[in-house]
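Please take a look at the model below. A few short questions and answers follow it.

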Amino acid sequence: MNVLDYLADGFMTALQWHNILFAFFGVLIGTSVGVLPGIGPMSGVALLIPVTASMTSGLPPEAAATSSIILLAGVYYGAMYGGSTTSILLNTPGESSSVVTTLDGYQMAKQGRAGAALSIAAIGSFVAGLFALVALIALAQPLSSVAINFGPADYFSLMLLGLCAVSGLAGKSITKALIMTVFGLLLATIGMDTVSGVARFTFGIPLLYSGLEFLTIAVGLFALGEVFKTILEKDYSSGGIAKIGRVLPSRQDLKDSAAPITRGSILGFFIGILPGAGATLASFFSYIVEKKVSKKPETFGKGNIAGVAAPESANNAASGGAMIPLLTLGIPGSGTTAILMGALIMYNIQPGPLLFEEHPQVAWGLIASMLIGNLLLLVLNMPLVKVFAKVIQTPAKYLIPIIIAISVFGVYAVQAQVFDLILLLGCGIAGFLLARNDFPLAPLVLGLVLGPMIENNMRRALTTSNGDFMIFLQKPMSLAFLIIAVLWIAVPILLKRRGKEVVVNEEG
Amino acid sequence: MNRTFDRYASIVFLLLGIGFMWQSASISATSYGSTVGPNIFPFGLGLVLVLLSIRLFYEVMKTKPNEQKKAQLDYKRFFIIFITAFLYAYFLEFIGYIIGTFVFLLVAFQTIERGKWLKSILIAGLFSISVYVIFVVLLEGSMPGFPSWLS
C-alpha cells in the first residue's frame, strides 16, 4: 500500500462519527485551554488523559487509543489557536508560544483592528497546520523506514540526544534542567524491572510495585502546580478586553500577511522537528525573521499584521512538526509531546518506527483527524471568536477549584487508589516550588516517559557486547548521535561563557 | 534565583542520588542470560545526580546574593484550599464522590471569594452530580458515589 491508500484508510477512521466528535471536542477544549490564562497546553493535555481514558473505556483497545489520541492532539494544536486570542485582546498571552503575538496583536486591537488580527492568526494557523501535515505525511514513512534499522545502541544514543536537547534548551540553568532529567529517569526505575522482574526501590510496599504512575505525576506537576501558583499569587484578575469589531480581514491584510504566513509555516515546521525547540522558539524566530526581511522594520511593535501572522503560523507549524519525531522515532521533543507519548503508552501503543506498521489505524487516523481538526478550528475561530472572547471572562474563582476537582476525579477514575491522590497533591506542591525556582518540569516528564525505554535499549546493547560500554562509540549511528548530544549541551554553555544571550524555551 | 531554595534543593538531590546508589547496591547484580543486571542503570543515574547536585551547590555558592522583593504569597487561602483538598482526597472512598466533591468545591469557592452562596452551591452541586452521572451511570465507570454506611 502506498501513502495515499494509508491516508484514505486514516480518513475512514477519522470520519467515524465518534472520532469526528472527539476531534471536535479536542479542538474546542484546546482553544479554551489556550484562551484561559491559568492553564497551558501541557496541563490541558495531562488533565484530559484520564477523562478520555474513561470516555473510551467501552471501545476495543486500538480504537480507544485512536479516539483518545485524536482528542488529546486536538487539545495540543487547538491551544496554539486559542493562545493568540488573549494575546491580541488582553495583552496577556494564554500560553508562552504566543508571547510575541502580544507585541503587534495588542497594538492592532488598540487601533480597532482586533478582528483582523484574530482572523489572520486563525488563517495563518490553518495554513501552517496544513503545511505541517502535508510534510508529516511525506516524511513519516521514509523516516520510520530509516529508524527501523536502528539497533538498541543507536536507540539508546538517540534518546540520550533527545534528553540532552530538551535539557539544553529548557530554562535558565542547564544544571537544573539536567538534574530534573536525571531525577525523572530515576523515578521511572521505581517498581518492577521489566527485564528481570526484580522489584526496585519498592521497600516492600505493594503499591510501588507497578511504579509511579506517569499520569498522576504529570497532572500533579503541571495542572495542580499552575493552580497552586494562581492561588498563591492571587492572580485571578482577567481585566478588560478590547473590542473585536469586524472579523473578516481586508484584502490588503491578506496580501500583507501571505508571505509572512508562508515563511512562518516553513520555519516553524523545521524548528518543531528539532527536539527541545518547540512552539515558543519557533514564534520568536519567525518574528525576528519578519522584522529582518521587512521593508519597514520600524512598524513592528506598532501593529504590523506580519508580526501577528508569522509567529502564529510558526507556533502551529511547530506543533505539527513536533509530531514527526514523536510518531516516527518515538522520541518526544517537548513536554507536551512527552505527555502525548505517555498517553499512547498507557494504551499499550509504542510510538516509534513500528507504529506505522503495527498500528496504522492509530497513526494514520491521527494524521487524518488533524486535517479535519484544523478545518474545524478555522470554522470555530472565525465566526465564534467572539464567543471565545467571553471564555476569557470565566471567573477564576470557580475555575480553579474545578480544575483541582477534575484532577482528583481523573486520577481516581484511572487509578482508583487514594495513594495516587496523595501523590498527586504532593506533585502539585513540588511542581509549584520547582517551577518557581527555575527548575524546568518538562525534562522531568520526558525522563519519566523515556526512562524504561532508555534502560531497556541500554541493557540490550550491553548484553550483545558482553557489558562493554564501548559499543555505543563503535556503532557509527550511535556515535554520531552522542556527538550531537554533547554539542547540544556544550555549545550553549560556551556561548554563555562568551557572554552571548542564549534563547531558551520556556514552554519546554 | 532564590539561593536558599537552590541550596536546599541541591542537598536534597544529593541525598536522593546517594540514596538511589545505596539502594541499588542491594539489587541483584545480574539477571538470567545477561551480564548487565537491573542495578547498573539506577546506580549510574544516582551517580550522575550526585555530581550534578554538587555542581548546582557550587553554582549557587558562586552567585552573589541579590535581594529581590518577592510578591507576598497568599498562604492563608492556599493552606485552606490545600488542606481541604487533602482531606477530600484522603476520605474520598469513605464519604463518597458526590458529597466529597460538593463540600470541597463549596469550601474552595468560598475561600477564594466570600458571598454568592446560592451560585456556589449550584455550581458545586451541578458539577459533582453531573460528573458522577456521566462517569458512573453513562460510562459505567467505578467510583464510590455515596458512602457505603449511608445506603
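The turns below go through the chains, their contact and two loop residues.

This is a predicted model: local features need pLDDT of at least 70, side-chain atom pairs count only at pLDDT 80 or more, and totals for chains, interfaces and linings use all residues. Residues are numbered from 1 along each chain as its sequence is written, while chains are lettered from A and ligands numbered from 1 in the order in which they are written.

Reader: What is the radius of gyration of chain A?
Author: Chain A has 22 helices and 2 strands (DSSP runs, H or I of at least four residues for helices, E of at least two for strands, numbered from the N terminus). The globule rule (2.2 Å times the number of residues to the power 0.38, with the radius taken over C-alpha atoms) gives 23 Å for 508 residues. Chain A is close to that, so it is as compact as a globular protein of that length; its radius of gyration is 22 Å.

Reader: What percentage of the residues of chain A count as buried?
Author: Buried needs 20 or more other C-beta atoms within 10 Å of the residue's own, exposed 12 or fewer, partly exposed in between, with C-beta atoms placed from the backbone. Of the 508 residues of chain A, the buried share is 63%.

Reader: How far apart are the centres of the two domains of chain B?
Author: An automatic or database domain assignment sets the bounds. Domain 1 covers 3-62 and domain 2 covers 75-138 of chain B. Over C-alpha atoms, their centres are separated by 40 Å.

Reader: Which helix of chain B gives the largest share of the side that touches chain A?
Author: Contact means C-beta atoms, placed from the backbone, within 7 Å. Chain B brings 54 residues to it and chain A 48. Of the chain B side, 11 residues, the largest share, come from helix 2.

Reader: Is Asn348(A) buried or exposed?
Author: Asn348(A) sits in the loop between helix 14 (335-346) and helix 15 (355-358) of chain A. Its phi is near 65°, positive in a residue other than glycine. Most residues other than glycine have a negative phi. Asn348(A) has 10 C-beta neighbours inside 10 Å, so it counts as exposed.

Reader: Where in chain A does Asp438(A) lie?
Author: Asp438(A) is not a glycine, yet has a positive phi of about 65°. With 16 other C-beta atoms within 10 Å, Asp438(A) is partly exposed. Its place is the loop between helix 19 (418-436) and helix 20 (442-464) of chain A.

How values were computed: Contact = placed C-beta atoms within 7 Å.
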